[in-house]
Amino acid sequence: MAQIIALSRFLHLKHPLPVKLASLCFRSMSSLDTRARAVFSAAVEGVQPDIVVRRSLERHGDKLLVGGQSFTLANNLYLVGFGKAVLGMAAEAERIVGDHLIKGVVSVPHGIQKTLYIHGKEKMLLKKNSRITVMEGAKKNLPDTDAQKSAECIRELASGLTEKDLLLVLISGGGSALLPAPAPPMSLQEKQDVTRKLAAAGATIQELNTVRRALSLLKGGGLAQCANPAQVVALILSDVIGDPLDLIASGPTVMSDFKPEEVWAILDRYKLSFSLPSSMNEVLSKGRAHYGSQVQKQAEVQKDHVLNVVIGSNTIALECASRKAVELGLRPIILSPGICGDVHSVARLYGLLSRFACSPEKETPPELTAEILQLGPEVGVESWDLCRTMNMLVEERKEGWGVTCLLAGGEPTVKLTGKGRGGRNQELALRVGLELSRDEVKSAAVFLSGGTDGQDGPTEAAGAITDGELMKEAMSQGLDIKVSLIDNDSFTFFSQLSEGRRLLMPGLTGTNVMDVHAMLLPLSAQRDFQ
């Protein structure tokens, strides 16, 4: 088994000493709005590519320290990378390792160098004399021939290494599309057709990844195997809930334990077994014949020669947000970094938690607690996390805290019913605004939802910020929230509402660890319930 280290506890936040800040609850919404935005910015800043690399990669003379291990540098370092954030990661890595870097290749999204330059992100660009070759591809986040050429260059570099060499692998979200290497004789188009048919038939992401790995030369530990006998160190910026290393970019440095029989079972389940190209039958047949020896070989490679380190994740972003919340006089509570499920249910949970936080302790309806606990598993939140959160809200209310900052992250989903413009963060903010605007709630909370990559769906916004005045504000300006939701047109709604002041517009961030949610709860500003 590969050595796996997650650097998600380095920012452990001690519970702050109770301080009475009851006066904070009388601050204006604009004050809460400003602090919510500052908390989000701190979350994004904490997982910037250069910062996470510098935090995890240390150079002391000819020694490179990473994940608690030491590696000797002797002009023997090679670098490869693939993903939306690896350009910034590569720039910082090259600065750290210096002349010991012999050669590198990174596969990045089409047009990203120009985009980073336009957005003033020059520090994420490689210097003109860099030893790393940048190759762009995967337009619209889909594998293409340019990305396939990049993958072939990466495979060639890895395959030529010796036991004296060290391969530094940089991985971030979007890496799967940027590293397409179909197992011969299968073509890229044939592989795409198979995965497209599976997706259309309703296959889960786990099923899709199982099939992808089976049809790839580099995914599912293939890259690490190509690099054998060199030492492989992978620095991973996670964009997947729970940070499962086999799913991030389809796990090129993590041994896959799939069996060919499992692939056939998936294809049979969706009635696709008899509509496959002949090349796929050949690939899977070879996999069946050599499965046992391949697993043993990969296990030996990974045991001693592969180190996987998660250097950036949603958990780390939330911990950075917590630190900022303390600086701003807020009491942070991290609910969960694994929020998922439909935005309808996620919005409902936040509405219920707001109502729970602001209700007098003796008047909290027991059915409210029951509904929160019942809804939790549906949106990826464990019952113990909900109980812990509610207990902390009660304690902070007793202590007289003015504003609590409830933090969470993850990646909810949106069911498309219309043709409008928007993204999951803007739609979630819109739906939470409806929840906070309910007559029986009358919440004083402020809610923010934003994508850490700075882009929410096909829009220039990262998300939006909302509160209990949303409904009233929309009606006064002749805007219909429900019509916007039906057409999935949240971006148009927020753009027209109060001249777009509620939109979150940080621009391209150069990183991506899913979404961050922040709900500021003025606990002392208890409202009456009907």
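Strands E12 and E16 are where I will start. Eight bridges join E12 to E16, residues 515–522, and the two run antiparallel. One of the facing positions is Val-403, which stands opposite Pro-522 in E16. Please keep in mind that this is a predicted model.

On its other pairing, E12, residues 403–410, goes with E11 in the parallel sense, over six bridges. Two bridge partners show how they line up. Pro-332 has Cys-405 of E12 as its partner, and Ile-339 has Gly-410 of E12.

How much of E12 is covered? Eight of its eight residues are buried, so I will call it mostly covered, as cited. The side chains in a regular strand alternate between the two faces of the sheet. Here, one side of E12 carries Val-403, Cys-405, Leu-407 and Gly-409, the other carries Thr-404, Leu-406, Ala-408 and Gly-410, and all of these are buried.Now the sheet these strands belong to. It is an open sheet of six strands, in the order E11-E12-E16-E13-E14-E15, with mixed pairing. Which strands are at the edges? They are E11, residues 331–339, and E15, and each pairs on one side only.

Next, strand E14. E13, residues 446–451, pairs with E14 in the antiparallel sense over five bridges. E14 also pairs with E15, residues 503–504, again antiparallel, over two bridges. Ala-464 takes part in both pairings: Ser-449 has Ala-464 of E14 as its bridge partner, and Ala-464 stands opposite Leu-503 in E15.

Is E14 buried or exposed? Five of the five residues in E14, 463–467, are buried, so the strand is largely enclosed by the rest of the structure. Gly-463, Ile-465 and Asp-467 point one way, Ala-464 and Thr-466 point the other way, and all are buried.

On to the aromatic rings. How many aromatic pairs does a search of the whole structure find? It finds two. In one of them, Tyr-350 and Phe-447 are tilted, with 4.9 Å centre to centre and 50 degrees between the planes. Tyr-350 is in helix H12, residues 343–358, and Phe-447 is in strand E13, so this pair ties together parts that are 97 residues apart in sequence. Tyr-350 has a relative accessibility of 1% and counts as buried. Phe-447, at 0%, counts as buried too.

The other pair is Phe-493 with Phe-494. Their ring centres are 5.3 Å apart and their planes are at 80 degrees, so the pair is edge-to-face. Phe-493 and Phe-494 are both buried.

One more ring has a charge over it. The charged end of Arg-397 sits over the ring of Phe-356, 6.0 Å from the ring centre.

Let me turn to the nonpolar cores. The largest has 63 residues, and those with the most contacts inside it are Leu-57, Leu-79, Leu-168 and Leu-235. Which helix gives this core its largest share? Helix H3, residues 86–97, does, with eight residues. Where does the core lie with respect to the domains? Domain 1, 61–312, and domain 2, 315–522, both give residues to this core, so it lies between them.

Take Leu-57 from that list. Leaving aside its neighbours within four places in sequence, Leu-57 is in contact with Leu-64, Leu-65, Val-66, Ala-93, Ile-96, Leu-168 and Leu-235. Apart from this core lies another, of 34 residues, among them Phe-82, Ala-147, Leu-157 and Ile-236.

One residue from a helix, for contrast with the strands. Gln-189 is found in helix H6, residues 188–200. Gln-189 has a relative accessible area of 46%, and is partly exposed. Its C-alpha atom is separated by 9.4 Å from that of Thr-145, and the two residues are 44 apart along the chain.

Last, the chain as a whole. There are 18 helices and 16 strands in the protein chain. Of its 530 residues, 58% are buried. Among contacts between residues at least 6 apart in sequence, 82% join residues at least 24 apart.

To go back over the main points: E12 is paired with E16 over eight bridges and with E11 over six. E14 is largely enclosed by the rest of the structure, with five of five residues buried. The largest nonpolar core lies between domain 1 and domain 2, which both give residues to it. That is all I have.

Note on methods. Residues numbered from 1 in each chain as written. Predicted model: local features only at pLDDT ≥ 70, side-chain atom pairs only at ≥ 80, totals over all residues. Heavy atoms only, no water. Buried < 20%, exposed > 50% of the residue type's maximum accessible area, 1.4 Å probe, protein only. Helix = DSSP H or I, 4+ residues; strand = E, 2+ residues; numbered from the N terminus. Pairing = 2+ DSSP bridges. Core = buried A, V, L, I, M, F, W, Y, C linked by side-chain atoms within 4.5 Å. Domains from an automatic or database assignment. Contact = heavy atoms within 4.5 Å. Phe/Tyr/Trp six-rings, centres within 6.5 Å; stacked < 30°, edge-to-face > 60°. Lys NZ or Arg CZ within 6 Å of the ring centre and 35° of its normal.
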